[in-house]
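Reader: I have a new model open and a few minutes. Can you walk me through it?
Author: Sure. Here it is.

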Amino acid sequence: MTRVALVTGAARGIGAATVRALSEEGWCVVAVDRAEDDPRLPYPLGTRAELAALAGDTVAPVVADTCDPVAVAGAVRVAEDRFGGLDAALAVAGVVAGGAPLWEQREEEVRAVLDVDLGGVLTLARTAVPALLRRPEPRRGRFLAVASTAAVRGLPLLAAYCAAKAGVAGLVRALAVELGGTGITANAVSPGSTDTLVLAESARLYGLDGPQDFARQQPLGRLVRPAEVAAALAWLAGPDSGAITGAVLPVDGGLAL
């Protein structure tokens, strides 16, 4: 039976790399992205053209805001109607904002970070887990999310981002317990400084010359590549990770050490 996944934040970065990694491993994938800018954020998000570029026989692009339960439910229906069900839900969508102490940051930016980085994961869990449970037993379902080293390190001028990512780590631990005995596991990956446009925005917020300036923080001595995070997500989605649940797997070049 062909396995079916839903990936949010799919238009670019880690999300797009995850869609490609799963597709190459034989999965059918519903690739979800809002595919338009968020007026609360000062930098461009993924586009409809980037999302559409992923389309293929086994990849169905769907424009949907991960914070909208109705839109996410529509994406889940695409997985069930087009591909026959859902076996893995991957919450990859994320944004960053900050550059000021929390009490000075604009309220709309704080809300955007919390809405997308934590609220979007909650929405996907509440919407997709019932679909994972609709698969007949014995199940081998997966709920996966992207946390961050920011979940365990206090990053100045990014307090809301740290709070949201810490919430993701707590969420997957709780889901792992709630899903015990169902055949469905819940895990997260925790990237370090990864070469994406989100990191470029972080560099701007810190007044750095560019994202490469973050590489010196990591014992690995370089930035993490999106494909490396995607490979970890694809492995966690696969059959060999069945004994792992409630875990937050670091893919961070040693940043959390």
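Author: This is a predicted model. Of the contacts in the protein chain with a separation of 6 or more, 74% are between residues 24 or more positions apart.

Reader: What is the radius of gyration of the protein chain, and what would a compact globule have?
Author: The protein chain has 17 Å. A compact globule of 257 residues would have a value near 18 Å, so the two agree. The C-alpha trace spans about 50 × 35 × 30 Å along its principal axes.

Reader: How many helices and strands?
Author: There are 7 helices and 7 strands. From the N terminus the order is β-α-β-α-β-α-β-α-β-α-β-α-α-β.

Reader: What percentage of the residues count as buried?
Author: 54% of the 257 residues count as buried.

Reader: Now the core. Which residues have the most contacts inside the largest nonpolar core?
Author: Leu6, Val30, Leu86, Leu124 and Phe143 do, in a core of 35 residues. H4 gives the most to this core, with 7 residues. There is also a second, separate core of 32 residues, and Ala35, Val59, Ala230 and Ala237 are among them.

Reader: Stay with Leu86. What is it in contact with, leaving aside neighbours within four places in sequence?
Author: Leu86 is in contact with Val4, Ala5 and Leu6, and with Ala79. Its other contacts of this kind are Ala128, Ala131, Leu132 and Arg135.

Reader: Switching to pockets. What volume does the largest one have?
Author: The largest pocket has a volume of about 950 Å³. It is lined by 49 residues, and the closest to its centre are Gly94, Tyr161, Thr196, Val198 and Leu199.

Reader: Which elements give two or more residues to that lining?
Author: Helices H1 (13-24), H4 (107-133), H5 (159-178) and H6 (197-205) do. The largest share, 4 residues, comes from H6.

Reader: And how does the lining divide into nonpolar, polar and charged?
Author: It has 25 nonpolar, 14 polar and 10 charged residues.

Reader: Back to H6. Which of its residues are buried?
Author: In H6, Leu199, Glu201, Ser202, Ala203 and Leu205 are buried. Just after H6, Gly207 takes a positive phi of about 70°.

Reader: A glycine. Which residues other than glycine have a positive phi?
Author: Ala35 is one of them, with phi near 55°. Leu157 is another, at about 70°. Most residues other than glycine have a negative phi.

Reader: Where do Ala35 and Leu157 lie?
Author: Ala35 lies in the loop between strand S2 (28-33) and helix H2 (48-52). Leu157 lies in the loop between S5 and H5.

Reader: Why does Ala35 count as buried, and why does Leu157 count as partly exposed?
Author: Ala35 has a relative accessible area of 6%, and buried means under 20%. Leu157 has 30%, and partly exposed runs between 20% and 50%.

Reader: Where is the cis peptide bond?
Author: It joins Glu137 and Pro138, with omega of about 0°. Pro138 lies in the loop between H4 and strand S5 (141-146).

Reader: Last one. I clicked on Ala163. Where is its place, and how far from Gly9 is it in sequence and in space?
Author: Ala163 is in helix H5. Ala163 and Gly9 are 154 residues apart in sequence and 20 Å apart in space, C-alpha to C-alpha. Ala163 is partly exposed, with a relative accessible area of 45%.

Note on methods. Residues numbered from 1 in each chain as written. Predicted model: local features only at pLDDT ≥ 70, side-chain atom pairs only at ≥ 80, totals over all residues. Heavy atoms only, no water. 1 Å grid on protein atoms, 1.4 Å probe; cavity = no way out; pocket = protein on both sides within 12 Å on 5 of 7 lines; lining within 4 Å. Points joined across faces, edges and corners; volume = space filled by probe spheres on them. Nonpolar A, V, L, I, M, F, W, Y, C, P; charged D, E, K, R; others polar. Buried < 20%, exposed > 50% of the residue type's maximum accessible area, 1.4 Å probe, protein only. Core = buried A, V, L, I, M, F, W, Y, C linked by side-chain atoms within 4.5 Å. Contact = heavy atoms within 4.5 Å. Rg over C-alpha atoms; globule rule 2.2 N^0.38 Å.
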